[in-house]
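Student: I have this one open and would like to go through it contact by contact. Can we start with the nucleic acid and then move on to the charged pairs?

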There are 2 protein chains.
Amino acid sequence: MATGRTHRPATRSRGIPEATVARLPLYLRALTALSERSVPTVSSEELAVAAGVNSAKLRKDFSYLGSYGTRGVGYDVEYLVYQISRELGLTQDWPVVIVGIGNLGAALANYGGFASRGFRVAALIDADPEMAGKPVAGMPVQHTDELERIISDNGVSIGVIATPAGGAQQVCERLVAAGVTSILNFAPTVLTVPDGVDVRKVDLSIELQILAFHEQRKAGEEAAAAEAGTPPPIRSTAASRKGPDGEVPAVMPA
Amino acid sequence: MATGRTHRPATRSRGIPEATVARLPLYLRALTALSERSVPTVSSEELAVAAGVNSAKLRKDFSYLGSYGTRGVGYDVEYLVYQISRELGLTQDWPVVIVGIGNLGAALANYGGFASRGFRVAALIDADPEMAGKPVAGMPVQHTDELERIISDNGVSIGVIATPAGGAQQVCERLVAAGVTSILNFAPTVLTVPDGVDVRKVDLSIELQILAFHEQRKAGEEAAAAEAGTPPPIRSTAASRKGPDGEVPAVMPA
DNA sequence: ATGCCTTTGTGAACGCGTGCACAAAGATTG
DNA sequence: CAATCTTTGTGCACGCGTTCACAAAGGCAT
């Protein structure tokens, strides 16, 4: 769905793989911790452990940014912090708006991890007139009517959607129309956006469901390993619903 | 076939790619919406659009679960809802505990998406004695001292960590020692866990940093395009200030 | 300066995930 | 029953990301 000629030139000026970009914040956090402890240099191995990744991967990641290490020594912590920050665009100020000031929106507004990374909450916006003017995180909530003006006045290009699923798409469209080009979506909905707009999605319930899958798998293997006749080691509250078709084979490969 | 497949005959769960598992909740949500509208069947194409994925990918995903579709017709919505729910383990009750009842923990406690998916918040736990007994989401907060007993009594196998980074590893260890085998971590820290324990991480600030990277890249390309004579497709924000090199701006992560 | 030791940077192989394209399978119609 | 139409299920090729393994590069001691 393309509304404009937002055809981005495939000029991979910086051919940094997406997977690498996703890890840069991880490295940055680990490096910041080292910096606070006044550690001058780190090896790829040490840093990899701190960031929870493979050291070869880390070195390859850094090779995309340029080669900032010294063989036989490692990486200069301060220098690397700066380089990664610059690469991620954190050396500039990013005003963001949060739309939907419910429990989650309020939590996000209070979240300290934003300000320390160059993100500034420019405004809190909610559709409920009752909320208007109410202070959250030391900042008055503003009504949705003000959305366009706020974005324009503050030059906001990043929006956070924390509304219920129902209103997310509409909010999204207004944000985009007002000039926002990056959206962090917490609403459990697929957002449709024009080309040139980035959307990242965080769905708490999805994460839990993935955990449940693995949890079930673990329980199943445990049971299979213990073979039949052994009571389940972990008590499971059986509240199994039944499908409309009645019984279905439990675990049978096709 | 020359090389025999090493496909495990025991459980097909093992054969389901991780990427597919991560999409199952997405399909489930779309299917649930269809179910509520009493739509009897859906084609892979329709469902793919609703879930925001490619239809071929969706069909391949479903092929890992078994072939539940009917050629020429599509998929039975109700049946598929049940099959996916069962595969994800959502047909059973999953008691979870939330540790760290700050803004985020409270938001999670109030989050409606849990209960509707078979997750039940068994307890809210916080280290602050001041919090003990205080009701959050209609449920009294309990002190960390009770952690082991709560987990044992309720048969909790999934824990959610929403504490500050400093206390996360310790909480994690206590959870694991008490029997938790799946952890959803919101603390900005790498958790070290023994084999057999799954950890999924959600870091709000990381998501924003990734967005900032792309935003910066867009701004850079926009500038390049404008220089080439092409008008910028989307209004450029007044706040976007490019800092290629030179002095280090004051916005450095602390 | 020379040789040894450490650690980086990267070529190459491998595995996973994705998407295309099409044959097979079932529904539907005459 | 046969022809036609729709949609699934999947073989295959391709590209991305990961990991291994090692040569190159720098530091350091003698």
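**Contacts with the two DNA strands**

Tutor: DNA strand D is surrounded by 25 residues, of which A:Arg23, A:Arg71, B:Ser44, B:Arg59 and B:Tyr75 are the closest, where a residue is near a strand if one of its heavy atoms lies within 4 Å of it. Before going on, note that this is a predicted model, in which local features need pLDDT of at least 70 and side-chain atom pairs count only at pLDDT 80 or more, while totals for chains, interfaces and linings use all residues. Residues are numbered from 1 along each chain as its sequence is written, chains are lettered from A and ligands numbered from 1 in the order in which they are written, and side-chain values use heavy atoms, with hydrogens and water left out.

Student: What share of the strand D atoms within 4 Å of the protein belongs to sugar or phosphate?

Tutor: Sugar or phosphate accounts for 63% of those atoms of DNA strand D, and bases for the rest.

Student: Which polar contacts can I look at there?

Tutor: A polar contact is a pair of N or O atoms within 3.5 Å; within protein, one must be able to donate a hydrogen and the other to accept it, and residues adjacent in sequence count only if both atoms are side-chain atoms. A polar side-chain atom of A:Arg23 is 2.8 Å from a phosphate oxygen of DNA strand D, and a polar backbone atom of B:Ser44 is 2.4 Å from a phosphate oxygen of that strand. A base is reached as well, with an N or O atom in the side chain of B:Arg71 lying 3.0 Å from a base oxygen of DNA strand D.

Student: Which elements give two or more residues to the surface near strand D?

Tutor: They are α1 (18-36) and α3 (55-65) of chain A, together with α3 (55-65), β2 (69-70) and β3 (74-76) of chain B; helices (H or I, at least four residues) and strands (E, at least two) are DSSP runs, numbered from the N terminus. The largest share, 4 residues, comes from α3(A).

Student: And strand C, which residues come nearest there?

Tutor: Around DNA strand C there are 25 residues, and A:Ser44, A:Tyr75, B:Lys57, B:Lys60 and B:Arg71 come nearest. Of the strand C atoms within 4 Å of the protein, 66% belong to sugar or phosphate. A polar backbone atom of A:Ser44 is 2.5 Å from a phosphate oxygen of DNA strand C, a polar backbone atom of A:Gly72 is 3.0 Å from a sugar or linking oxygen, and an N or O atom in the side chain of B:Arg23 is 2.9 Å from a phosphate oxygen. The largest share of this surface, 4 residues, comes from α3(B).

Student: Switching to charges, how many salt bridges are there over all chains?

Tutor: The count is 18 over all chains, a salt bridge being a side-chain nitrogen of Lys or Arg within 4 Å of a carboxyl oxygen of Asp or Glu. In one of them, A:Asp93 pairs with A:Arg120, with the closest N and O atoms 3.0 Å apart. That pair links distant parts of the chain, 27 residues apart, from the loop between α4 (77-88) and β4 (94-99) of chain A to strand β5 (residues 119-126) of chain A.

Student: Are those two ends buried or exposed?

Tutor: A:Asp93 is partly exposed at a relative accessible area of 31%, and A:Arg120 is partly exposed at 36%; buried means under 20% relative accessible area, exposed over 50%, and partly exposed in between (1.4 Å probe, protein chains only).

Student: Which elements does the pair A:Arg200 and B:Glu207 connect?

Tutor: The side chains of A:Arg200 and B:Glu207 meet in a salt bridge at 2.6 Å, N to O. The pair crosses between chains, from strand β10 (residues 198-201) of chain A to helix α8 (residues 204-227) of chain B. A:Arg200 is partly exposed at 23%, whereas B:Glu207 is buried at 16%.

Student: What about B:Asp126, where is it found?

Tutor: B:Asp126 is in strand β5 (residues 119-126) of chain B. This residue is buried yet has no salt bridge, and the nearest side chain of opposite charge, B:Lys134, is 9.3 Å away; Lys and Arg count as positive and Asp and Glu as negative, while His and the chain ends are not counted. A polar atom of the B:Asp126 side chain does lie 2.6 Å from the backbone nitrogen of B:Ile101.
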